[in-house]
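User: Hi! Could you walk me through this protein? I'm new to reading structures.
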Amino acid sequence: MSRVNFLDKLLDGVEVEWRALGEVVNMRAGQHISASHIMEEASPEYPYPCFGGNGIRGFVAKNNHDGKHLLIGRQGALCGNVQRTSGAFYATEHAVVVTPTNGINIDWAFHLLTLMNLNQYASQSAQPGLAVGKIESLKIPIPSPENLGKSLAIQAEIARILDAFTSLTAELTAELTAELNTRKKQYNYYRDQLFSFENTEVEWRPLRDVGEFIRGKRFTKADYAEDGIPVIHYGEIYTRYGVFTEQALSQVKEDMADSLRYAESGDVVLTDVGETVEDVGKAVAWLGTEKVAIHDHCYAFRHTMNPKFVSYCMQTPKFIAEKAKYVARTKVNTLLINGFSKIAIPVPYPNDPEKSLAEQARIVAILDKFDALTHSITKGLPREIALRQQQYEYYRDLLLSFPHAKPQP
């Protein structure tokens, strides 16, 4: 599709007139309502959605508008966002209620206002705000202004196409999100089943009997370098790493080599602080071919088991529940390593090391497949949504790029 092949054909040579928004829509700020009159959930006594500048704030007992309208956020960093409403609702003073006249298709107006990025007209103060008068002075294109029926038909056709893209994006997002949730549930179910060891010879051994804990040494942001010694920072373990990794995501300066402490290939690296109890003690198996330096808020757990097996085990609800007993909940949640080392993990076939490692590898192979399936869609979901949004924006820009009047000679 191109502008020449579609928009020009749609316009079919009709005139396009640019008019001030204030001439073709009515704008009115909403009204204040006390926060005590806004409920979190709808009920028979509070049935009406209450819109602020950034969406629904809650539900109220009375409405101040009814029917199809647009709402423009008028205060805050995100002011200028545009929403569509229908039915009875309440608009607060933080929203501008837009009511198109008879010559304007409301869905067409929605896409136009969205394209105009109204946030750029906000005042540059501590609390950015949009002046209604400023918005009313902005101009929008009106195709075929002398023929109301044709004008509305053109507007409706463009709105129909753009709404279809919007619906496709929303539908795809819902489907992929549902698929992701299903895969996560499957993964969690099979992982927990595999670590129950109901029909396998197993011995539950304290971590301190299985291996040893080695604490890392401090490095700071100032020590980071584009090329240097590979390091694992504790914050990366619960934000950027999964169950295992073969490659470090950060490096520090080469001249720090002697001042650092390292995890070796096969070690499981743990955090010892975190914002949540689950973050504390979160693990990633280090499978790189070389040693990796670890931050002083990390421990390397050195052992002779399958590292992925240990790391997967540390993600189970049972292990996390045990771990929670050894987290000091002070200003910063901190792992109590002596207590943590008492937590038992399963060692299948404990009297036959070869058979034990084979069983651990079998379990890891199953979980690796689920992990790959889950993470493929986890990574793909935002990318796919972004592509659909780009596709919508491309066609929106194409369909709403109306010609301006040529300057008079």
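Analyst: Happy to help; below we go through sheets, salt bridges and surface charge. This is a predicted model, where local features need pLDDT of at least 70 and side-chain atom pairs count only at pLDDT 80 or more, while totals for chains, interfaces and linings use all residues. Residues are numbered from 1 along each chain as its sequence is written, and side-chain values use heavy atoms, with hydrogens and water left out.

User: Cool. In what order do the 5 strands of the open sheet sit?
Analyst: The order is 11-20-16-18-13, with mixed pairing. Strands here are DSSP runs of E with at least two residues, helices are runs of H or I with at least four, and both are numbered from the N terminus. Two strands pair if DSSP finds at least two bridges between them.

User: Which strands stand at the edges?
Analyst: Strand 11 (211-215) and strand 13 (244-245) do; each has a single partner strand, so one side of each has no neighbour in the sheet.

User: And how do strand 16 and strand 18 run?
Analyst: They run antiparallel, with 3 bridges joining residues 268-271 to residues 283-286. Within this pair, V269 sits opposite V284 of strand 18.

User: What about the sheet with 3 strands?
Analyst: That one is open too, in the order 4-3-7, again with mixed pairing. Strand 3 (residues 48-52) pairs with strand 7 in the parallel sense over 2 bridges, and C50 has Y90 of strand 7 as its bridge partner.

User: Switching topic: how many salt bridges are there?
Analyst: The structure holds 17. A salt bridge means a side-chain nitrogen of Lys or Arg within 4 Å of a carboxyl oxygen of Asp or Glu.

User: Which residue does R84 meet in a salt bridge?
Analyst: R84 meets D107, at 2.9 Å from N to O. R84 lies in strand 6 (residues 82-85) and D107 in helix 3 (residues 106-115), so the pair ties together parts 23 residues apart in sequence. Both also belong to a salt-bridge network with K68 and D163.

User: Is D107 buried or exposed?
Analyst: D107 is buried, at 17% relative accessible area. Buried means under 20%, exposed over 50%, and partly exposed in between (1.4 Å probe, protein chains only). R84, at 33%, is therefore partly exposed.

User: Where do E359 and R362 lie?
Analyst: Both are in helix 11 (residues 353-399), 3 residues apart, about one turn of the helix. E359 forms a salt bridge with R362, the closest N and O atoms being 2.9 Å apart. E359 is buried at 11% relative accessibility, whereas R362 is partly exposed at 42%.
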